[in-house]
Amino acid sequence: MTQAPDGLREAPLTLPGDSLALVELAPVASPEGYGRAKELAGGLTAAFELALTDLEGVVPRVGALAPSPGVSEAVLVDAERWTLTLDAEVERVGPERWGLTLRGTLCRRDGACTFPEAEGDPNQTGPAVAELMEQIALRLVRRRSSDAARAWAEPPSDDPYAVLLAGRAAATLYGQLDPPPPEQVGDKSKDPVTRAALVDPDLALTRWVAGRRAMARGEHSQAQQHFNAAARGRPASAVLLADEAIAWAALGRIDRAATLWGAVRNLVGDDQRFLLPQARVALALGQLDEAAERLAPLSFGYDRDPDLAALRVAIAEAGGAGEGYDLLLQSWEHAAPDDPEPTRRRLALRVRREDYEDALTLTAELARRGARDESERSQLALSAALGRFDEAATLAEGLGEDLTADRLRARAQPEARVESLRGDPSPYARLWRAEAMIQGGDAIGALTEIEAVLKERPWLPEALELKAIAQTALGQTAAAEATRAMWARASGV
């Protein structure tokens, strides 16, 4: 067996650019001429995917299947990109013996390939997997613990039948075997995953497969139990702990998730694969400084990874937004060019600042991101706030709101407001009439209109504000002050 140098095994290494590595792993093809070929191929695929997660900073992904939950939030914008293809060949080497040859093709994107190879026994694949993994780790320049290396070589179970079932369960996960129809999931006689977990509930590989399927189905409680069992069976695996942490968070048990993330850090330190979900948990616990500290090493990806950018915004908002908030929103916009949410929040920020002109410039971008109706309604409101009532009226007509358009046009002509809005019983129409009356010198008539509105809606801020103006015009200073106090309460000032 090829042995890795001691430096790769335990001593700290500076990873290339401190970046992560995404390894696209092709499902192992079923070897020809072997009776249990698909089970062998499924078991090998799972064994290598899990083993790859034991390498620092490595995120393996098999075909179109999502990565294991614990590494699914890794920020990969600057990750090294690798592909790994494995071929398994099985030959008879004796009357009752078979030999296994594993050949790999490991290529860095736009770079050279290496071709690791190992031999072993198809009934005890661990030593061959471990030998090949040592060669892969050397090529990737990624360290692993000695405990992880021992786990690669150990048999997953003392029961050969349990190992066979584990491979069959894995083959359904990777599409090497057809999965059971939905109505058979959970049937111990017809569902390979359920049957495998029942035969050997301590087999880490099986419980990992079962947990991933449960997470994909939204069965978070079951997933947590499976991942917990998998982590107990393979204690050197940080990813299995991370998987369980993700499941606990999905269940709303942030305290349990935080405990497990602490265990992950004890195993692998500040491995960048786990920083984003760790920050998310810290935020949920109100630990804003800790959340920001977790994200600090990921500053390179702020404007390219949408989840990272959105989490930075969430941390800032939890701390009261403050200086630099708009820049964070801009980073989110750049990272998520089709998501309307960051633009929506930039627009709302300007509305809160009463910078309606600048807010209006963002409505076109909001429409481009798919929120056209919302964009038009924002244009309408902002145009009205800027006193551009004719423009707002045209927008209202485009939205099919003819009555609103009429009211807006009435506001555009103060001298005609009282007459044009006469008979309109809506609260805002009465307030617009009152506003026009005040401008025309009829503060007493305005108060009559305002009091009619306040009878129905006694805490309407616009009515209280206008009432104070009318009272001031009539010289009712004390009454106006009392009304302004009511307005402040109604407005939350």
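**Cores, pocket and cavity in a predicted model**

Trainee: In the largest nonpolar core, which residues touch the most other members, and which helix gives the most to this core?
Mentor: This is a predicted model, and its largest nonpolar core holds 81 residues, of which Phe48, Leu52, Leu102, Met133 and Trp208 touch the most other members. As for the helix, the most residues in this core, 10 of them, are given by the one that spans residues 37-53, which is helix H2.

Trainee: Which residues is Leu102 in contact with, leaving aside its neighbours within four places in sequence?
Mentor: Leu102 is one of the core residues that touch the most other members, and its contacts can be read along the chain. Its partners include Leu44, Phe48, Asp87 and Ala88, and further along the chain they are Pro116, Glu117, Ala118, Ala128, Val129 and Leu132.

Trainee: How many residues does the other core have, the one lying apart from the largest?
Mentor: In soluble globular proteins, nonpolar side chains tend to be buried together. Here another core lies apart from the largest one, with Leu431, Ile438, Leu447 and Leu466 among its members, and its count is 14 residues.

Trainee: Is the chain a compact globule or more spread out than one?
Mentor: The chain has 25 helices and six strands. For 493 residues the globule rule gives 23 Å, whereas the radius of gyration of the chain is 32 Å, which is well over that value, so the chain is more spread out than a compact globule. Along the principal axes, its C-alpha atoms fill a box of roughly 110 × 50 × 40 Å.

Trainee: Which helix gives the largest share of the lining of the largest pocket?
Mentor: The largest pocket has a volume of about 840 Å³ and is lined by 38 residues, with Thr125, Pro155, Pro156, Ser157 and Val163 lying nearest its centre. Two or more lining residues come from each of H2, helix H3 (126-140), helix H4 (146-153), helix H5 (160-174) and helix H7 (204-216). The largest share is six residues, and the helix that gives them is H5.

Trainee: How many residues of that pocket lining are nonpolar?
Mentor: The lining of the largest pocket can be divided by residue class, with eight residues counted as polar and 10 as charged. The remaining class in this division is the nonpolar one, with a count of 20.

Trainee: Which helix gives the most to the lining of the largest cavity?
Mentor: The largest cavity has a volume of about 30 Å³, and its lining is made up of Pro425, Ser426, Pro427, Arg430, Ala452, Val453 and Glu456. Helix H22 (427-439) and H23 each supply at least two of these residues. The most, three residues, come from H23.

Trainee: Is Glu456 buried or exposed?
Mentor: Glu456 is found in helix H23, which covers residues 443-456, and its C-alpha atom is separated by 8.7 Å from that of Pro427, although the two are 29 residues apart along the chain. The relative accessible area of Glu456 is 60%, and because a value over 50% counts as exposed, Glu456 is exposed.

Trainee: Is Leu380 buried or exposed?
Mentor: Leu380 lies in helix H18 (residues 372-385) and, not counting residues up to four places away in sequence, touches Ala392, Leu395, Ala396, Leu399 and Leu408. Its relative accessible area is 12%, and because buried means under 20%, Leu380 is buried.

Conventions
Residues numbered from 1 in each chain as written. Predicted model: local features only at pLDDT ≥ 70, side-chain atom pairs only at ≥ 80, totals over all residues. Heavy atoms only, no water. Core = buried A, V, L, I, M, F, W, Y, C linked by side-chain atoms within 4.5 Å. Buried < 20%, exposed > 50% of the residue type's maximum accessible area, 1.4 Å probe, protein only. Helix = DSSP H or I, 4+ residues; strand = E, 2+ residues; numbered from the N terminus. Contact = heavy atoms within 4.5 Å. 1 Å grid on protein atoms, 1.4 Å probe; cavity = no way out; pocket = protein on both sides within 12 Å on 5 of 7 lines; lining within 4 Å. Points joined across faces, edges and corners; volume = space filled by probe spheres on them. Nonpolar A, V, L, I, M, F, W, Y, C, P; charged D, E, K, R; others polar. Rg over C-alpha atoms; globule rule 2.2 N^0.38 Å.
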